[in-house]
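Please take a moment to look over the sequence and the model before reading on. The paragraphs below are meant to be read with both in view.

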Amino acid sequence: GISGALPNVDADALKLAVAQVPEVLPTFDHCQFDALSSTPEWKRHSFSSAIFAMDMNNPTHTEVMCLEGIKESWAPPREEGYEVVEQALVASGKL
């Protein structure tokens, strides 16, 4: 069981909060970068440009990319598939 595995996690509360997983899972990206709407466009563009300029053949970039599970290059943003996350937040009262 999960009791006592993580001292700062209430196992009973966690069990109550777990939602049913749909039979067919939506595509969901574990790694995403969000910015406040107040973030200037130049900063968002600069960050995106730096991410997409990373190259697996560059040893300086390889470690970070591998840690993120990147095989070749960063993928462009995807905004669909997050309904399951929203439903879980609503069900938990967080949204």
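What follows goes from the overall fold to the interior and then to the surface.

The model is a predicted one, and its protein chain contains four helices and zero strands, so that, by the DSSP runs used to define these elements, the order from the N terminus on reads α-α-α-α. Of the contacts in the protein chain with a separation of 6 or more, 38% are between residues 24 or more positions apart.

Turning to the interior, buried residues account for 11% of the 95 residues in the protein chain. In soluble globular proteins, nonpolar side chains tend to be buried together. Here the largest nonpolar core consists of six residues, namely I51, M54, M56, M65, I70 and W74. Which residues does W74 contact, once its neighbours within four places in sequence are left aside? W74 is then in contact with C31, F33, I51, F52, M54, M65 and E68, and I51, M54 and M65 from this list are also members of the core.

On the outside, the protein chain exposes about 8300 Å², of which carbon and sulfur atoms supply 57%. A nonpolar patch on the surface is formed by V85, L89, V90 and L95, which together have about 330 Å² of accessible area. V85 belongs to helix α4, which spans residues 83–91. Why can V85 count towards a patch, given its relative accessible area? Patch residues need over 30% relative accessible area, and V85 qualifies on this point because its value is 31%, which makes V85 partly exposed.

Technical notes: Residues numbered from 1 in each chain as written. Predicted model: local features only at pLDDT ≥ 70, side-chain atom pairs only at ≥ 80, totals over all residues. Heavy atoms only, no water. Patch = residues over 30% accessible without salt bridge, like charges linked within 9 Å, V, L, I, M, F, W, Y side chains within 5 Å. Areas by Shrake-Rupley, 256 points an atom, 1.4 Å probe, with all protein chains shown as cover. Salt bridge = Lys/Arg side-chain N within 4 Å of Asp/Glu carboxyl O. Helix = DSSP H or I, 4+ residues; strand = E, 2+ residues; numbered from the N terminus. Buried < 20%, exposed > 50% of the residue type's maximum accessible area, 1.4 Å probe, protein only. Contact = heavy atoms within 4.5 Å. Core = buried A, V, L, I, M, F, W, Y, C linked by side-chain atoms within 4.5 Å.
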